[in-house]
Amino acid sequence: MKFVEKSLIIRLLNKTPMRIIAMTFNGKIYLKDTLEKTNSITINHEKIHAVQQAEVGMTRFLYLYFKDFFKHWIKSHSWANAYYKISFEQEAYQNQYNFKYLETRRHRAWERRVIK
Ligand SMILES: [Zn+2]
């Protein structure tokens with residue numbers, strides 16, 4: 001797993017109302033801080049996203065991620081509500097405390113979490 005510490009993109013995104021500690025894109029985990037200073041739960045969460053992205057491909061991941069986001073945003077008009085209901089996020093949040101999760105994870109496990 002490749003890490004980008006003190007990422008410029010995260011610093012720029014944090015100048016908007018967004019508050020980002022880490023994000024995963026195309027096999028790299030971008031961090032606001034150094035790897036040493038980043039919470040291991042956050043790293044585990046991002047590793048789950050890296051596996052999701054690898055299994056569906058980056059383009060499809062982004063399409064499904066934002067499709068899910070806007071579907072829930074239209075219903076709730078809440079950014080936070082829509083974000084937490086994204087099926088990729090549901091899988092990551094529900095398993096980020098389990099450091100062995102990726103060893104036993106089922107293929108496309110996020111698909112089971114699609115909320116209508
Ligand atoms: Zn996430």
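Where is the place of Lys6? Let's start there, everyone: Lys6 sits in the loop between S1 and H1. Keep in mind that what we have on screen is a predicted model. The phi of Lys6 is near 45°, which is a positive value in a residue other than glycine. Lys6 is also partly exposed, because 13 other C-beta atoms lie within 10 Å.

A similar backbone sign turns up at Arg108, in the segment after H6. Phi there is near 50°, again positive in a residue other than glycine. Is Arg108 buried or exposed? Arg108 is exposed, with 11 other C-beta atoms within 10 Å. I'll come back to positive phi values as we go.

Now the sheet. Three strands form an open sheet in the order S1-S3-S2, and the pairing is mixed. Strand S1, residues 2–4, and S2 stand at the edges with a single partner strand each, so one side of each has no neighbour in the sheet. From one strand to the next, the twist averages 25°.

Let me zoom in on S2 and S3. They pair in the antiparallel sense, over four bridges. If you want to find the register, Ala22 has Leu31 as its bridge partner in S3, and Met23 stands opposite Tyr30 in S3. The hairpin of S2 and S3 has two residues between the strands, and Asn26 in this hairpin takes a positive phi near 55°.

What about the two faces of S2? Ala22 and Thr24 are on the covered face, while Met23 and Phe25 are on the uncovered one. As a reminder, in a regular strand the side chains alternate between the two faces of the sheet.

Which helix packs on the sheet? That's H2, which touches S2 and S3, and the direction of H2 makes about 20° with that of S2.

So, on to H2 itself. H2 covers residues 40–56, 17 residues in all, and reaches 25 Å from its first C-alpha to its last, close to the 24 Å expected at 1.5 Å a residue. The buried residues of H2 are His45, Glu46, Ile48, His49, Gln52 and Gln53. They cover an arc of only 150° around the axis, which puts them on the same side of H2. The general reason is that an α-helix has 3.6 residues a turn, so residues three or four places apart point the same way. On the face of H2 turned away from the buried side, you'll find the exposed residues Ser40 and Ala54.

What do those buried residues pack against? The partners are strand S2 (22–25), strand S3 (28–31), helix H3 (58–76), helix H5 (87–95) and helix H6 (101–104). After H2 comes Gly57, with a positive phi near 90°.

Next up is H3. Its 19 residues should span 27 Å at 1.5 Å a residue, and the end C-alpha atoms are 27 Å apart, which agrees. Phe61, Tyr65 and Asp68 are buried in H3. They sit on the same side of H3, since they cover an arc of only 70° around the axis. The face of H3 turned away from the buried side carries exposed residues, among them Tyr63, Phe66, Phe70 and Ile74. H2 and H5 are included in what covers the buried residues of H3. For a residue-level view, Phe61 touches Gln52, Gln53 and Val56, not counting residues up to four places away in sequence. Just after H3, His77 takes a positive phi of about 55°.

Which residues make up the largest nonpolar core? There are eight: Ile48, Phe61, Tyr65, Ile86, Phe88, Ala92, Ala109 and Trp110. H3 and H5 are the elements that give two or more residues to this core.

One last stop, Asn14, in the loop between helix H1 (8–13) and S2. Asn14 is partly exposed, with 14 other C-beta atoms within 10 Å. Leaving aside neighbours within four places in sequence, Asn14 is in contact with Arg19, Ile20 and Lys32. Thr34 is 20 residues from Asn14 in sequence and 16 Å away in space, C-alpha to C-alpha.

That's my tour, thanks for listening!

Note on methods. Residues are numbered from 1 along each chain as its sequence is written. This is a predicted model: local features need pLDDT of at least 70, side-chain atom pairs count only at pLDDT 80 or more; totals for chains, interfaces and linings use all residues. The expected span of a helix is 1.5 Å times one less than its number of residues. A residue is buried if 20 or more other C-beta atoms lie within 10 Å of its own, exposed if 12 or fewer, and partly exposed in between; C-beta atoms are placed from the backbone. The arc is that of the directions from the helix axis to the C-beta atoms. Two residues are in contact if their C-beta atoms, placed from the backbone, lie within 7 Å. A nonpolar core is a set of buried Ala, Val, Leu, Ile, Met, Phe, Trp, Tyr and Cys residues joined through C-beta atoms within 7 Å. Two strands pair if DSSP finds at least two bridges between them. Axes are lines fitted to C-alpha atoms, for helices over the stretch in contact, and angles run from 0 to 180 degrees between N-to-C directions.
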